[in-house]
Every structure is written in structure tokens, then in C-alpha cells.
Amino acid sequence: MKAVVVGGGLGGVTAAVALRRVGWEVAVLERAAEFGEVGAGVGVMPNAMRALAALGLADDVRRIGTPRVPGGIRDRRGRTLTRVDASHQDHVVAVHRADLHRVLRSALPARCLVTDTEVRSLDDLDADLVVAADGIRSRAREALFPTLPQPVYAGTTAWRSVTTARFPLDLGLSQTLGPGTEFGVLPLGDGRVCWYAAAIAPAGGRSADELGEVRRLFADWHDPIPALLDATPPAAVLRHDIHELAAPLPTYVRGRVALLGDAAHAMTPYLGQGACMAIEDAVVLAAACARADDVPTALAAYDRQRRPRTQSMAKASRALGRVGHKVRNPVAVAARNAAMRAVPASVGLRGMSKFLGWTPPSLSPDR
Ligand SMILES: Cc1cc2nc3c(=O)[nH]c(=O)nc-3n(C[C@H](O)[C@H](O)[C@H](O)COP(=O)(O)OP(=O)(O)OC[C@H]3O[C@@H](n4cnc5c(N)ncnc54)[C@H](O)[C@@H]3O)c2cc1C
């Protein structure tokens with residue numbers, strides 16, 4: 001059986017690895033001249049780490065990602081709102097996106113990876129299965145659901161980068177909430193640190209000095225935030241407005257086509273689960289293909305398993321934004337912070353367990 005994957009982002013490449021693991025022949029068609037990812041980090045949550053473990057890649061990802069360090073949520077002065085200790089069994093592994101992409105690509109023979117190929121029509125593809133992993137602006141989604149509204153601006157702009165300098169390996173993995181703002185610290189395995197900053201802002205704002213913009217908002221926040229900004233080259237700061245697919249799709253499959261990743265369910269990144277969902281999608285799709293007698297049955301199972309989970313994740317992420325960095329009023333910020341201090345981390349983690357506790361289906365064909 002042969003699959004063509006449209007789009008070689010994290011979702012598309014993971015789908016290719018997973019489908020090959022269940023015996024499919026796969027080609028990934030990517031419009032860019034090279035495979036790769038932007039210079040920023042991604043937090044791989046425990047649920048996605050289990051999906052990567054099913055592909056035999058979890059140890060490779062752990063090697064390049066965050067060591068087991070304590071983490072938590074703080075206010076801008078550095079006072080702890082929620083602490084997650086290092087003994088917590090599953091931890092978030094932050095990795096440089098380019099490194100994660102490289103680990104995934106290393107599990108594929110070079111002949112599977114085709115660059116400089118922009119897919120304009122799915123009908124022309126010679127395949128039993130087409131995986132449309134062409135991102136938030138998916139042309140495949142538009143072709144299959146022409147009346148669906150375009151992704152909408154979520155009201156937040158985000159800056160991301162990775163330091164060039166190395167920091168002590170016990171630096172915590174943290175998120176800091178301010179009024180209408182947020183800063184995240186994601187240490188990598190080699191001492192470099194990925195960071196992100198988010199702020200409520202009108203859409204489309206750009207500056208010739210994005211690092212200066214971040215400094216203007218965050219330079220007086222707690223350590224190590226100012227030091228991380230000092231260790232970041234100005235040219236290495238990326239800025240993206242956050243968009244999401246506000247209208248959930250009625251199905252992720254049509255004929256021999258399966259939508260996967262942001263093409264199916266582009267969500268806000270406030271729960272750090274967009275790429276993680278794409279990685280889960282990939283493993284579930286491959287498991288469904290391994291078990292079903294034909295492609296329509298496999299795709300029906302994929303849709304059944306993925307749509308409720310990813311759409312409720314998108315909803316939860318949007319809701320978290322509303323009680324997280326989107327709170328601006330000082331009284332509301334103080335009340336939110338007091339509530340967070342009062343609730344033990346274990347209670348918050350229990351609330352997240354339906355998202356973080358997910359385990360992948362087996363890739364074996366046995367039903
Ligand atoms: C600021 C920010 C922070 C984030 N942080 C996190 C996080 O911490 N954790 C997390 O899990 N997620 C995070 N996300 C979400 C995550 O980045 C996305 O969900 C994920 O990258 C989606 O992967 P994808 O493969 O579906 O799509 P993409 O990464 O967009 O890949 C799509 C690929 O398809 C190619 N393509 C498009 N059209 C065509 C075509 N017609 N023909 C051929 N190729 C085509 C593109 O060139 C691209 O390579 C964040 C997102 C943002 C914006």
C-alpha cells in the first residue's frame with residue numbers, strides 16, 4: 001500500500017515514519033527547498049512522548065531535550081504560583097524544532113523525502129492514501145471544505161527564540177504570567193534555552209527590532225528572563241500572530257484523504273499541544289491502517305478517534321488562554337494568582353490527565 005503525505009512539517013514527517021512502521025510505502029511531498037523547522041523550541045508533552053515511544057524514537061528525543069528539572073508557573077516577580085517537582089514521572093521534554101525534525105527524518109530513507117514539490121491538486125496523486133499535513137493554511141482542507149471559514153486571529157502575538165549561550169542544566173522549565181503577557185522558559189539538553197513570549201496585541205504588528213519589543217515588555221521580569229534575552233541574537237527572534245481554526249471540522253477524512261495536524265485542527269498554543277496532537281494523529285492513523293482491511297475503514301476509525309480528542313484540546317487551550325495571559329485587569333490577575341497558589345499542583349495535573357495521560361494504540365495488526 002502506498003501513501004503520499006502532503007507537507008513535511010512535524011506532523012507529515014511523523015505520519016511517514018508511523019506508516020512505514022506498519023509496512024506502507026510513503027512519499028512526503030514538501031513545497032520548501034529543504035526539510036526543516038524554524039529556529040524555536042517545542043514542548044513535547046508526555047502524551048506525545050508516548051506516541052514517539054511507539055515509533056521507537058522517545059530516547060533519541062529525550063537525549064536532545066530538557067533534562068528532568070523542576071518546573072512551574074510564576075508571577076512576573078518570580079513568586080511561585082504552581083510548582084511541578086522533578087520527580088513527577090512524566091515530564092515535558094522541550095526540544096529545538098529543527099532537532100526534533102532531524103530525529104524524525106533520520107527514521108526515513110532519503111527516497112521518501114521529496115522537496116521543491118508544491119501539491120496543487122490531491123486528485124493527481126498516485127496513492128491509496130493521501131495524508132494532508134499541509135498546515136494551518138491547508139489548501140487540501142480548503143478544497144475539501146470550501147465553505148469553512150479561514151483560521152482566525154486569536155488576539156495574541158508570540159515571539160520565540162533560542163539562546164546561543166548555554167545556561168546551567170538545572171534551570172527550571174517555567175511559565176510566567178503577567179497582565180496580558182506570558183514568558184516561557186524551555187531548557188534544552190545542551191544548555192541552550194528556548195524561550196517564548198506572548199502578549200495581547202492587534203494583528204499584524206511588526207517591528208524592525210523584535211528583540212527590543214520583547215525587552216520593552218519583559219526586561220524587568222524575574223531571573224533568568226533578562227539574561228536569556230541578553231543571550232539571544234536580535235536576528236534570531238521570530239514573531240508570529242496566533243491563529244486558530246475556530247470552526248471545528250465535521251470530519252477529518254474524505255474519500256482516500258486524511259487531514260492531519262494543523263490542517264485538521266490548528267489550535268492556540270496555550271496548552272503546548274498543537275504539534276503534540278499532530279504526532280498523536282500520525283500514530284493513530286498508522287495503527288488504524290495496520291488493523292483495518294481497507295482504507296475507508298481505517299480512515300473512519302482515525303476520524304472517530306482523533307476528532308473528539310483534538311477538538312476538545314483546542315477548546316481547552318482557548319479556555320486556558322482566557323484565564324492565563326489574557327487576564328489583564330490587576331484585580332483579576334491577583335485573584336487568579338491567589339487561586340493558583342491555593343490549588344496544589346497535583347490537583348491541576350489531575351485535571352489535565354485526560355489530555356496528558358493518553359496512550360497510543362498498538363501498531364501491531366492484531367485486533
Ligand atoms: C508561537 C507558537 C508556539 C507553539 N508552541 C507549541 C508547543 O510548545 N508545543 C506544541 O505541541 N505545539 C506548539 N505549537 C503548534 C505547532 O507549531 C503546530 O501545531 C505544528 O507545527 C503543526 O505541524 P503540522 O505538521 O501540522 O504543520 P506545519 O508545521 O505547518 O507543516 C506544514 C508543512 O506543509 C508544507 N506545505 C504546505 N502546503 C503545501 C503544499 N501545497 N504542497 C507541499 N507542501 C506544503 C509547508 O511548507 C510545511 O512544511 C506552537 C505554535 C505557535 C505558532
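What follows is a chat about the ligand site, the empty spaces and two backbone details of a predicted model.

User: Before we start, what kind of model is this, and how are the residues numbered?
Analyst: This is a predicted model, in which local features need pLDDT of at least 70 and side-chain atom pairs count only at pLDDT 80 or more, while totals for chains, interfaces and linings use all residues. Residues are numbered from 1 along each chain as its sequence is written, and side-chain values use heavy atoms, with hydrogens and water left out.

User: OK, where does UniProt put the FAD-binding domain?
Analyst: The unreviewed UniProt entry places "domain: FAD-binding" at residues 2-112 and 123-315, bearing in mind that such annotations may be inferred rather than shown by experiment.

User: And which residues are closest to the ligand?
Analyst: The closest are Gly11, Glu30, Arg97, Asp262 and Ala275, within a surrounding set of 31 residues, where a residue counts if one of its heavy atoms lies within 4 Å of the ligand. By class, that shell holds 11 nonpolar, 12 polar and 8 charged residues; Ala, Val, Leu, Ile, Met, Phe, Trp, Tyr, Cys and Pro count as nonpolar, Asp, Glu, Lys and Arg as charged, and the others, Gly among them, as polar.

User: Which helices and strands each supply at least two residues of that shell?
Analyst: Helix H1 (10-21), strand S3 (41-44), strand S9 (152-162) and helix H9 (274-291) each do so, with helices (H or I, at least four residues) and strands (E, at least two) taken as DSSP runs numbered from the N terminus.

User: What polar contacts does the ligand make with Arg97 and Val119?
Analyst: Taking a polar contact as a pair of N or O atoms within 3.5 Å, an N or O atom in the side chain of Arg97 is 2.6 Å from an oxygen atom of the ligand, and a ligand nitrogen atom lies 3.0 Å from a backbone N or O atom of Val119. The ligand has 1000 Å² of accessible area on its own, and the protein covers 83% of it, by the Shrake-Rupley method with a 1.4 Å probe.

User: Switching topic, which residues line the largest cavity?
Analyst: Its lining consists of Arg141, Glu142, Phe145, Pro146, Leu148, Pro149, Gln150, Pro151 and Leu245, which divide into 6 nonpolar, 1 polar and 2 charged. A cavity here is a set of points, on a 1 Å grid over the protein atoms alone, where a 1.4 Å probe fits but cannot get out, and lining residues have an atom within 4 Å of a point.

User: How much space is in there?
Analyst: The largest cavity holds about 60 Å³, with volume taken as the space filled by probe spheres set on the points.

User: Last one: where is the cis peptide bond?
Analyst: The cis peptide bond joins Asp223 and Pro224, with omega about 5 degrees, and Pro224 sits in the loop between helix H6 (210-218) and helix H7 (225-230). As a further backbone detail, Asp116, a residue other than glycine, has a positive phi near 60 degrees, and Asp116 lies in the loop between strand S7 (113-114) and strand S8 (129-132).

Definitions and conventions
On a 1 Å grid over the protein atoms alone, a cavity is a set of points where a 1.4 Å probe fits but cannot get out, and a pocket is an open set with protein on both sides within 12 Å along at least five of seven lines; lining residues have an atom within 4 Å of a point. A polar contact is a pair of N or O atoms within 3.5 Å; within protein, one must be able to donate a hydrogen and the other to accept it, and residues adjacent in sequence count only if both atoms are side-chain atoms.
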